Amino acid sequence: RHPKTGREMRLMIEEKATPMVMPDFGTFTATRTIQAPNAYLIPAGEIAAKLLPNLRQHGIPVETLTDEAEVKVDSFLIERVNKATRVFQGHREIRLEGTFQSSTRGFPAGSLLIRTAHPLQALIAYLLEPESDNGYVRWNFLDSWLEKKTVYPIYRVGTDFAGATRLIP
């Protein structure tokens, strides 16, 4: 018995252990890679408010636009939303299929800018990319905003962003 809790403790009796061969899923090979953009933009509003605390918890620096800005971005047009039929770790994982399109779009003051020239660049891309296998889409952060024939609500910025911003503490 555990001396503090009084609960029964278990231990392994080595002569009764049965060695078993188990598959090792500890290594993965990428099926697809991308060139990370210079930054991501999330328009001010519900999505930005929902994602900001999680981005900060991950230690990702986030800036906010202090003025409106017209920015050339790559938008992801959702062509298909695939929702898993079974629950995994309390979630029904989602996969998106679609295509990127370049356009110039207006972003209001208060929009979030996440630059990728940072040691956490890979994590930033994993969380924010629409087709990531371990990001906000996959883990149901954005479910109510993902519909076929809509634009994914996080935009890629391919050039250096020169607009007015301030770092969110």
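These are my notebook entries on the strands and helices of this structure, which is a predicted model.

**Entry 1: the sheet.** I started with the strand order. Seven strands make an open sheet, and reading across I get β4-β3-β6-β1-β5-β2-β7. The pairing is antiparallel. I then asked myself why one side of β4 and one side of β7 have no neighbour in the sheet. β4 and β7 (165-167) are at the edges and each has a single partner strand, so one side of each stays free of a neighbour there. I also looked up the twist: going from one strand to the next, it averages 30°.

**Entry 2: around β3.** Next I picked strand β3, residues 69-83, and checked who it pairs with. Strand β4 (residues 94-107) runs antiparallel to β3, and 14 bridges join the two. For one bridge pair, I found F76 partnered with F100 in β4. β3 also pairs with strand β6, residues 155-157, again in the antiparallel sense, over two bridges. Here I noted V73, which sits opposite V157 in β6.

A reminder to myself: side chains in a regular strand alternate between the sheet's two faces.

**Entry 3: the helices.** Which strands does helix α1 lie across? I found α1 (residues 46-57) lying across β1 (39-42) and β5 (112-115), and it runs at about 135° to β1. Helix α2, residues 121-128, packs on the sheet too and touches β1 and β5. The direction of α2 makes about 40° with that of β1.

Notes
Residues numbered from 1 in each chain as written. Predicted model: local features only at pLDDT ≥ 70, side-chain atom pairs only at ≥ 80, totals over all residues. Heavy atoms only, no water. Pairing = 2+ DSSP bridges. Helix = DSSP H or I, 4+ residues; strand = E, 2+ residues; numbered from the N terminus. Axes fitted to C-alpha atoms, helices over the stretch in contact; angles between N-to-C directions. Contact = heavy atoms within 4.5 Å.
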